[in-house]
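Student: I would like to work through a model step by step. Can we start from the coordinates and reason outward?

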Amino acid sequence: MTIENLSVNKSFGGWHKQYSHYAKTVNCDMRFAIYLPPQTSNGKKIPVLYWLSGLTCTDENFMQKAGALRIAAELGIAIVTPDTSPRGSDVADDEAYDLGQGAGFYVNATQAPWNRHYQMYDYVVNELPELIEANFPVSDERSIAGHSMGGHGALTIAMLNPERYRSMSAFSPISNPMNCPWGQKAFTAYLGKDKTNWVKHDASELIKQATHFVPGKVDQGIADDFLSEQLKPEMLTAAAKTNNYPLELNLHEGYDHSYYFIASFIEDHLRFHADHLSK
């Protein structure tokens, strides 16, 4: 459980810190960032929001672009951002941006050569929280959120582990990956051609089957270039209605897929999670 500190920055009275560590689940060194708000200075253990980023991103995108740290400092919530995939010269990769390094899709790969390293589901659900809770003044009260590929990861991970997360949220999630090009490409490579193995990683399918509900919030920009082909929020809405799932989905005129959109509404998401983490 040894971790190496890579950088430290004071922000809004708290500390943004970046670390590297060897991760057994993915069989390589991984990097993550954590924001510890000022409330941790008195030794109080605070809840954690795990943020899962999208294709091509690292731990840095959200921390630097989302504008979340001021609100996290006010609310007393720690934020943890893992990388989006295993990385390294011996880690399988692909020339395309939507497969391989930077595109782990938060699943446990079963197909070679991906299965040697791409166990991102186990990393996010088990190994990373265990490390965070052992090394920082945080509690085991958790919520999870993400963007795009990370929105897919946040929703599916929360619904597969309702006992571990108080709430879930997403910006522009890949809502029905079984039926979009990004998801079909990644799931075929990582999980194989048998689509019965894909269902538990599709938020629209999981939401129809859920018996234990994790309160959810989704925001989607209508000017998003990926809206109709890749994201398909209408599938998520339809699935939630069939099961009376407590999911709030908001559509926003003029907003795209970028961090300008995330920064515009991240405060709403943090306050949503704070409400559930405080219960």
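Tutor: Start with a cut-off: buried means under 20% relative accessible area. Keep in mind that this is a predicted model.

Student: Which residues of strand 8 are buried on each of its two faces?
Tutor: In a regular strand the side chains alternate between the two faces of the sheet. Both faces of strand 8 are covered. One side holds K217, D219 and G221, all buried. The other side, also buried, holds G216, V218 and Q220.

Student: How many of the residues of strand 8 are buried, and what follows for the strand?
Tutor: Strand 8 spans residues 216-221. Its buried count makes the strand largely enclosed by the rest of the structure. That count is six of the six residues.

Student: Which residue in strand 9 is the bridge partner of V218?
Tutor: Strand 8 and strand 9 run parallel, joined by six bridges. V218 has its bridge partner in strand 9. That partner is L249.

Student: Which residue stands opposite K217?
Tutor: Turn to strand 7, residues 168-171. Strand 7 and strand 8 pair in the parallel sense over four bridges. Opposite K217 in strand 8 stands S169.

Student: What is the bridge partner of G146 in strand 7?
Tutor: Strand 6 covers residues 138-147. It pairs with strand 7 in the parallel sense, over four bridges. The bridge partner of G146 is A170.

Student: In what order do the nine strands form the sheet?
Tutor: The sheet is open, and its pairing is mixed. Its edge strands are strand 1 (3-11) and strand 9 (247-252), each pairing on one side only. The twist averages 20 degrees from one strand to the next. The order is 1-2-3-5-4-6-7-8-9.

Student: At what angle does helix 4 run to strand 6?
Tutor: Helix 4 takes in residues 149-160. It lies across strand 4, strand 6, strand 7 and strand 8. Its angle to strand 6 is about 135 degrees.

Student: Which residues touch the most other members of the largest nonpolar core?
Tutor: In soluble globular proteins, nonpolar side chains tend to be buried together. The largest core here has 67 residues. Helix 3 gives the largest share of this core, eight residues. The members that touch the most others are I132, I144 and Y190.

Student: Which residues does I132 touch, leaving out those up to four places away in sequence?
Tutor: I132 belongs to the largest nonpolar core. Beyond that sequence window, its contacts are F32, I34, Y50, V80 and V138.

Student: Is D98 buried or exposed, and which side chain makes a polar contact with D98?
Tutor: D98 sits in the loop between strand 5 (78-82) and helix 3 (120-135). Its relative accessibility is 10%, so D98 counts as buried. Its contacts outside four places in sequence include L55, F105 and W182. The polar contact, at 2.8 Å, is with the side chain of K185.

Student: Where is the cis peptide bond?
Tutor: Look at the loop between strand 5 and helix 3, where P113 lies. Omega is about 0 degrees at the cis bond. The bond joins A112 and P113.

Student: Y106 has a positive phi although it is not a glycine. Is Y106 buried or exposed?
Tutor: Its phi is about 60 degrees. Y106 is found in the loop between strand 5 and helix 3. The relative accessible area is 0%, so Y106 is buried.

Student: T56 also has a positive phi. Is T56 buried or exposed?
Tutor: T56 has a phi of about 75 degrees. Its place is in the loop between strand 4 and helix 1 (60-65). At 52% relative accessibility, T56 counts as exposed.

Terms used. Residues are numbered from 1 along each chain as its sequence is written. This is a predicted model: local features need pLDDT of at least 70, side-chain atom pairs count only at pLDDT 80 or more; totals for chains, interfaces and linings use all residues. Side-chain values use heavy atoms; hydrogens and water are left out. Buried means under 20% relative accessible area, exposed over 50%, partly exposed in between (1.4 Å probe, protein chains only). A polar contact is a pair of N or O atoms within 3.5 Å; within protein, one must be able to donate a hydrogen and the other to accept it, and residues adjacent in sequence count only if both atoms are side-chain atoms. Contact means heavy atoms within 4.5 Å. A nonpolar core is a set of buried Ala, Val, Leu, Ile, Met, Phe, Trp, Tyr and Cys residues joined through side-chain atoms within 4.5 Å. Two strands pair if DSSP finds at least two bridges between them. Axes are lines fitted to C-alpha atoms, for helices over the stretch in contact, and angles run from 0 to 180 degrees between N-to-C directions.
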